[in-house]
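Visitor: I should like to go through this model with you, question by question. Please begin once it is on display.

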Amino acid sequence: MSYRPTLPSHIRPRPSSGLGLRNSNPSTSANTNTQASALQSRIAEKKVELESLRQLRDLSAGLAGQMQQLEEKLATLGTGTEAVAAVMGNWNQVLRAVFMASAKIPKPSNDGEEVEEAETMPLPQTLVRIPIQQAEAMQKEAEAAQTAGG
């Protein structure tokens with residue numbers, strides 16, 4: 001079953017007998033011209049409306065693309081914010097450890113002796129130990145492998 005839309009009465013084609021293409025009545029001819037011009041103006045309006053809808057579709061697609069980019073950037077921002085929060089959460093412990101290490105440093109009592117004792121004052125205990133010997137050994141092995149392979 002095929003779908004056949006019903007057209008409004010002013011657009012529907014009129015059945016013709018095929019005997020005469022012209023009506024002898026001038027009022028009917030004027031009425032037909034009026035209907036044709038009304039139909040042409042309606043078609044022009046619909047073309048303008050169609051073009052506006054196409055522009056709207058294109059602009060909507062562009063907006064949707066920008067919204068997706070914004071979503072991706074906000075997801076990245078959220079991940080970065082979580083990382084910053086983790087670092088900031090650790091700062092309290094880091095500052096406490098630095099304070100404890102600096103509290104063990106003896107403080108000079110007189111201003112005149114301060115310059116002389118500053119050179120002989122012991123340094124605070126090392127807070128972080130990084131095994132650089134292993135890193136140096138691995139770097140030498142990588143260089144040796146590179147020169148042997150190259």
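Visitor: Which residues form a nonpolar patch on the surface, and what is their accessible area together?

Guide: This is a predicted model, and the patch can be located in it by residue. V84, V87, M88, W91, V94, L95 and V98 form the nonpolar surface patch. One of them, W91, belongs to helix α1, residues 26-103. Together the patch residues have an accessible area of about 650 Å².

Visitor: Is W91 buried or partly exposed?

Guide: Buried residues have under 20% relative accessible area and exposed ones over 50%, with partly exposed in between. The relative accessible area of W91 is 41%, so this residue is partly exposed.

Visitor: How many salt bridges does a search of the whole structure find?

Guide: One salt bridge pairs E49 with K46, with 3.5 Å between the closest N and O atoms. Another joins the side chains of R57 and D58, also at 3.5 Å from N to O. For the whole structure, the search gives a count of 2.

Visitor: How are E49 and K46 separated in helix α1?

Guide: E49 is partly exposed at 40% relative accessible area, and K46 is partly exposed at 41%. The two residues are 3 apart in helix α1, so their separation is about one helical turn.

Visitor: Which class of exposure does R57 have, and which does D58 have?

Guide: The cut-off for exposed is over 50% relative accessible area, and partly exposed lies between 20% and that value. R57 has 53% relative accessibility and therefore counts as exposed. D58, at 47%, counts as partly exposed.

Visitor: Where does UniProt place the "coiled-coil region", and how far apart are the end C-alpha atoms of that span?

Guide: The UniProt record, an unreviewed entry, places this feature at residues 36-73. In the model, the span is 100% helix and 0% strand. Its end C-alpha atoms are separated by 55 Å.

Visitor: Where in the chain is confidence lowest, and where is it highest?

Guide: The chain has a mean pLDDT of 77, and 63% of its residues reach 70 or more. Confidence is lowest in helix α2, residues 111-120, with a mean of 56, and highest in α1, with a mean of 88.

Visitor: How many contacts does the stretch of residues 17-21 have beyond near neighbours in sequence?

Guide: Over residues 17-21 the pLDDT is below 50. Beyond near neighbours in sequence, the number of contacts that this stretch has in the model is 0.

Note on methods. Residues are numbered from 1 along each chain as its sequence is written. This is a predicted model: local features need pLDDT of at least 70, side-chain atom pairs count only at pLDDT 80 or more; totals for chains, interfaces and linings use all residues. Side-chain values use heavy atoms; hydrogens and water are left out. Patches are made of residues with over 30% relative accessible area and no salt bridge: like charges are joined within 9 Å, nonpolar side chains (Val, Leu, Ile, Met, Phe, Trp, Tyr) within 5 Å. Accessible areas come from the Shrake-Rupley method with a 1.4 Å probe; for residues, only the protein chains shown count as cover. A salt bridge is a side-chain nitrogen of Lys or Arg within 4 Å of a carboxyl oxygen of Asp or Glu. Helices (H or I, at least four residues) and strands (E, at least two) are DSSP runs, numbered from the N terminus. Buried means under 20% relative accessible area, exposed over 50%, partly exposed in between (1.4 Å probe, protein chains only). UniProt positions are given in the numbering used here, feature names are shortened, and annotations may be inferred rather than shown by experiment. pLDDT is the predictor's confidence in each residue, from 0 to 100. Contact means heavy atoms within 4.5 Å.
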